[in-house]
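Me: I should like a close look at a single part of this structure, beginning with one loop and its peptide bonds. Please then set that part in the context of the rest of the chain, in terms a first-year student can follow.

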Amino acid sequence: MDAVLLCAGLGTRLRPHTLTTPKPLLAVRGRPILDWTLGALPKSVDRVIVVVQYLAVQIEKYLQGQKFFSQWTAVPQGVPRGTGDALRRCHDWIRSDRFLVLNGDDLFGAADLAELAQRPAGVLCASVDDPRNFGIAFLKADGTLDKLVEKPDLDGPLLANTGAYLFPKNVFDIELQLSPRGEFEITDYVTTLAGRQPVHVVRAGFWFPIGTEAAWNQAKEIDLDKVLTAKK
């Protein structure tokens with residue numbers, strides 16, 4: 001199975017650190033965030049496709065030296081036009097009928113990714129107390145996904161979209177439209193797919209978004225080996 005890692009972002013909320021180092025390569029407990037992510041991918045993944053743009057040379061150099069995957073491809077996003085556009089650019093590179101997609105600069109539990117990888121289609125979600133700061137998953141009566149809504153004015157706890165997905169390859173049959181903020185959103189792929197087939201909601205046991213310097217520093221205090229090492 002292929003896994004797509006979205007690593008093209010500017011990491012503006014972690015400046016000045018990201019002025020010279022792309023966010024996926026910021027160190028946590030002596031290893032780049034991206035290194036933890038590769039190590040957490042399930043054994044069913046045998047190839048990774050990494051979308052790059054900002055400081056891409058550094059990420060490609062890291063990929064050349066990493067030991068997790070001998071099969072990898074770096075795909076330049078070009079002009080940044082959103083996460084949906086980043087995924088769409090991988091279409092010609094994806095070989096498997098189903099594939100994982102992850103934000104390349106957050107930390108995901110290995111057991112959760114393994115469970116997600118078993119679904120025909122799915123999204124990894126985590127309970128949050130402050131839904132106004134997240135994309136939120138709304139469920140159908142059967143527990144599958146109905147839709148994703150960005151930062152609703154609602155009280156928690158609710159289920160947040162973590163940015164980890166399992167897509168069937170026919171997701172590319174969906175034609176994305178520009179969002180109100182002028183980007184192509186990966187969440188539009190998810191919500192549209194949920195209207196066509198069941199998209200399973202996997203509850204995360206561990207998810208650590210690194211959106212601020214405070215969160216980055218907090219991640220350094222967690223024993224990540226226990227939750228981010230995949231069983232091979």
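Reply: The place to begin is P16, which is found in the loop between β1 and β2. The model is a predicted one, and every value below is computed from it.

The bond that leads into this proline deserves attention. The peptide bond from R15 to P16 is cis, with omega near 15°. R15 lies in this loop as well, between β1 and β2 (27-28). With a relative accessibility of 40%, R15 counts as partly exposed. R15 and N161 are 146 residues apart in sequence, and their C-alpha atoms are 24 Å apart in space.

A cis bond also occurs later in the chain. G156 and P157 are joined by a cis peptide bond, with omega about 0°. P157 has its place in the loop between β10 and β11.

That loop also holds one end of a salt bridge. The side chains of D155 and R132 meet in a salt bridge, with 3.0 Å from N to O. D155 lies in the loop between β10 and β11, and R132 in the loop between β8 (122-128) and β9 (135-139), so the pair ties together parts that are 23 residues apart in sequence. The partners can be told apart by accessibility: D155 is exposed, at 58% relative accessible area, whereas R132 is partly exposed, at 39%.

P157 can also be related to a strand residue. The C-alpha atoms of V201 and P157 are 16 Å apart, and the two residues are 44 places apart in sequence. V201 belongs to strand β12 (residues 200-203). Its relative accessible area is 14%, which means that V201 is buried. Leaving aside residues up to four places away in sequence, V201 touches V123, C125, L139, G143, T144, L145 and L159.

Two further loops contain an unusual backbone angle to examine. R29, in the loop between β2 and β3 (31-32), has a positive phi of about 55° although it is not a glycine. R29 is partly exposed, with a relative accessible area of 42%. L55, in the loop between β4 (47-52) and α2 (56-65), also has a positive phi, near 50°, and is a residue other than glycine. L55 is partly exposed, at 25% relative accessible area.

From the loops one may turn to the helices. Helix α1 (residues 33-40) is mostly covered, since eight of its eight residues are buried. Among them are W36 and the charged residue D35.

Helix α5 offers a case in which the buried residues can be located on one side. Its buried residues are I186, T187, Y189, V190, L193 and A194. Seen down the axis of α5, they fall within an arc of 155°, so they line one face of the helix. The general reason is that an α-helix has 3.6 residues a turn, so residues three or four places apart point the same way. In this model the buried residues of α5 pack against β1 (2-6), α3, β6 (98-103), β10 and β11.

Helix α5 also takes part in the largest pocket. About 1600 Å³ of space lies in that pocket. The elements that give two or more residues to its lining are α3 (83-88), β10 (145-150), β11 (158-168) and α5 (186-194). The lining consists of 44 residues, and R13, T83, N103, E150 and R181 lie nearest the centre of the pocket. By kind, the lining residues divide into 17 nonpolar, 16 polar and eleven charged.

R181 leads from the pocket back to the salt bridges. The side chains of R181 and E185 meet in a salt bridge at 2.7 Å, N to O. R181 is exposed, with a relative accessible area of 62%, while E185 is buried, at 10%. Another such pair is R119 and E115, whose side chains meet at 3.0 Å, N to O. Both of these count as partly exposed: R119 has a relative accessible area of 21%, and E115 has 31%. In addition, D85, R88 and R89 are linked in a network of salt bridges. The count for the model comes to eleven salt bridges.

To return to the starting point, P16 follows R15 through a cis peptide bond, and the loop that holds both residues runs between β1 and β2.

Methods
Residues are numbered from 1 along each chain as its sequence is written. This is a predicted model: local features need pLDDT of at least 70, side-chain atom pairs count only at pLDDT 80 or more; totals for chains, interfaces and linings use all residues. Side-chain values use heavy atoms; hydrogens and water are left out. On a 1 Å grid over the protein atoms alone, a cavity is a set of points where a 1.4 Å probe fits but cannot get out, and a pocket is an open set with protein on both sides within 12 Å along at least five of seven lines; lining residues have an atom within 4 Å of a point. Grid points are joined across faces, edges and corners, and a volume is the space filled by probe spheres set on the points. Helices (H or I, at least four residues) and strands (E, at least two) are DSSP runs, numbered from the N terminus. A salt bridge is a side-chain nitrogen of Lys or Arg within 4 Å of a carboxyl oxygen of Asp or Glu. Buried means under 20% relative accessible area, exposed over 50%, partly exposed in between (1.4 Å probe, protein chains only). The arc is that of the directions from the helix axis to the C-beta atoms. Contact means heavy atoms within 4.5 Å.
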